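Visitor: I am new to reading protein structures, and I would like to be led through this one step by step. Could we look at the model together?

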Amino acid sequence: MTTNIDIRSNRSQIFVFIMHVFVLTLCLAMVFIGFGHQVIRSEVDSANQELREIRSPDILFVPTPQEVVDKMLELAEVTKDDLIYDLGCGDGRIVVTAAKKYGCRGVGYDIDPERVIESMENVKENNVQKLVRIEQKDIFTLDLRDASVISLYLLSSLNVKLIPQLEKLKPGTLIVSHDFDMQGIVTTDKTIKVPSDDNPTHTVYLWITPLKKNDMGN
Ligand SMILES: C[S@@+](CC[C@H](N)C(=O)[O-])C[C@H]1O[C@@H](n2cnc3c(N)ncnc32)[C@H](O)[C@@H]1O
């Protein structure tokens with residue numbers, strides 16, 4: 001005859017068993033995730049043994065908050081037919097987001113080998129290798145003419161230094177810049193403010209080629 005005590009003890013055994021299975025599954029999942037990251041890092045590292053310091057970056061890495069990235073891509077009206085270049089791509093978040101959200105192609109350029117490796121890992125982790133490429137380059141040496149969208153988070157002085165390259169872009173190319181304008185060039189009236197957790201107002205500037213010079217650009 002089954003007593004109340006037996007039923008209770010059976011239930012607690014089942015509970016203990018389920019807890020063991022749960023903890024074991026959790027441990028296995030953590031091991032696999034850690035292993036996955038390790039595999040990605042070693043693949044990326046071996047693919048990039050050639051990476052070395054070209055020269056110091058003109059500005060250090062500060063990531064654009066994700067909500068600002070989203071607004072930059074919206075302002076640039078990115079579609080799947082675009083090719084976006086992020087000049088100084090940091091951890092690759094702008095080109096990765098563009099590929100994931102809009103299915104467009106992108107190239108992230110950074111001079112810092114650490115950033116290039118980080119971006120490549122980001123591309124792999126988000127499985128957008130078919131759409132996104134990362135290259136270690138000094139942005140001031142690039143031919144930008146294939147791009148239909150350019151994203152920037154540099155400094156105003158660096159944006160100005162890019163003008164000779166930006167002037168060669170195809171007509172109708174959109175340029176978005178987080179927080180920094182481009183002295184001497186007229187912005188469109190689509191400049192927006194984006195609040196984020198870290199800062200109440202990020203500004204995003206938009207230009208469309210051909211660039212129009214203002215009085216300070218003459
Ligand atoms: C402020 S971070 C912006 C990162 C990313 N675009 C974002 O918005 O999250 C600027 C990046 O530009 C890179 N950088 C600085 N000078 C560069 C140069 N001359 N050529 C290529 N990348 C450069 C830095 O290594 C850094 O990752």
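The questions and answers below go from the overall fold to single residues.

Visitor: How many helices and strands does the protein have, and in what pattern do they follow one another?

Guide: Please keep in mind that this is a predicted model. The protein has five helices and seven strands. Read along the sequence, these elements give the pattern α-α-β-α-β-α-β-β-α-β-β-β.

Visitor: In what order do the seven strands lie in the sheet?

Guide: Strands of a sheet pair through backbone hydrogen bonds, and the pairing may be parallel or antiparallel. Here the seven strands form an open sheet whose pairing is mixed, and their order is 3-2-1-4-5-7-6. The strands at its edges, each of which pairs on one side only, are strand 3 (132-136) and strand 6 (192-194). Neighbouring strands are turned against each other, direction ignored, by an average of 20°.

Visitor: In which sense does strand 4 pair with strand 1, and which residue of strand 4 is the bridge partner of Ile84?

Guide: Strand 1, residues 83-87, and strand 4, residues 149-152, are joined by four bridges, and they pair in the parallel sense. Within this pair, the bridge partner that strand 4 offers to Ile84 is Val149.

Visitor: Which residue of strand 5 stands opposite Leu152?

Guide: Strand 4 also pairs with strand 5, in the parallel sense and over four bridges. In strand 5, the residue that stands opposite Leu152 is Ser177.

Visitor: Why can strand 5 be called largely enclosed, and which of its residues point the other way from Leu174, Val176 and His178?

Guide: Five of the five residues of strand 5 are buried, and therefore the strand is largely enclosed by the rest of the structure. In a regular strand the side chains alternate between the two faces of the sheet. In strand 5, Leu174, Val176 and His178 point one way, while the residues that point the other way are Ile175 and Ser177.

Visitor: At what angle does helix 2 run to strand 7?

Guide: Helix 2 (residues 66-75) lies across strand 4, strand 5 (174-178), strand 6 and strand 7 (202-208). Its buried residues are Val68, Val69, Lys71, Met72 and Leu73, and the buried residues of this helix pack against those four strands and also against helix 3. With respect to strand 7, helix 2 runs at about 20°.

Visitor: How do helix 2 and helix 3 pack, and what is the distance between their axes?

Guide: Two packed helices are described by the angle between their axes and by the distance between those axes. Helix 2 passes helix 3 in a right-handed crossing, and the contact is made by Val69, Asp70, Met72 and Leu73 of helix 2 together with Arg93, Ile94, Thr97, Ala98, Lys101 and Tyr102 of helix 3. The residues of this contact divide into six nonpolar, one polar and three charged. The two helices pack at an angle of about 60°, and their axes are apart by 10 Å.

Visitor: How many of the 10 residues of helix 3 are buried?

Guide: The buried residues of helix 3 (residues 93-102) include Arg93, Ile94, Val95 and Tyr102. They pack against helix 2, strand 1, strand 2 (105-110), helix 4 (113-125), strand 3 and strand 4. Helix 3 is mostly covered, since the number of its residues that are buried is eight.

Visitor: How many residues surround the ligand, and which are the closest?

Guide: The elements that give two or more residues to the shell around the ligand are helix 3 and strand 2. The residues of this shell divide into 13 nonpolar, four polar and seven charged. In total 24 residues surround the ligand, and the closest are Pro57, Thr64, Gly88, Gly90 and Tyr153.

Visitor: Why does Phe61 count as partly exposed, and which residues is it in contact with beyond its neighbours within four places in sequence?

Guide: Phe61 is found in the loop between helix 1 (4-47) and helix 2. Phe61 is partly exposed because 15 other C-beta atoms lie within 10 Å, whereas 20 or more would be needed for a buried residue. The C-alpha atoms of Phe61 and Cys89 are separated by 8.7 Å, although these residues are 28 residues apart along the chain. Leaving aside neighbours within four places in sequence, Phe61 is in contact with Gly90, Asp112 and Arg115.

Notes:
Residues are numbered from 1 along each chain as its sequence is written. This is a predicted model: local features need pLDDT of at least 70, side-chain atom pairs count only at pLDDT 80 or more; totals for chains, interfaces and linings use all residues. Two strands pair if DSSP finds at least two bridges between them. Axes are lines fitted to C-alpha atoms, for helices over the stretch in contact, and angles run from 0 to 180 degrees between N-to-C directions. Two residues are in contact if their C-beta atoms, placed from the backbone, lie within 7 Å. A residue is buried if 20 or more other C-beta atoms lie within 10 Å of its own, exposed if 12 or fewer, and partly exposed in between; C-beta atoms are placed from the backbone. A residue is near a molecule or strand if its C-beta atom, placed from the backbone, lies within 6 Å of it. Ala, Val, Leu, Ile, Met, Phe, Trp, Tyr, Cys and Pro count as nonpolar, Asp, Glu, Lys and Arg as charged, and the others, Gly among them, as polar. A crossing is left-handed if the near helix is turned anticlockwise from the far one by less than a right angle, and right-handed if clockwise.
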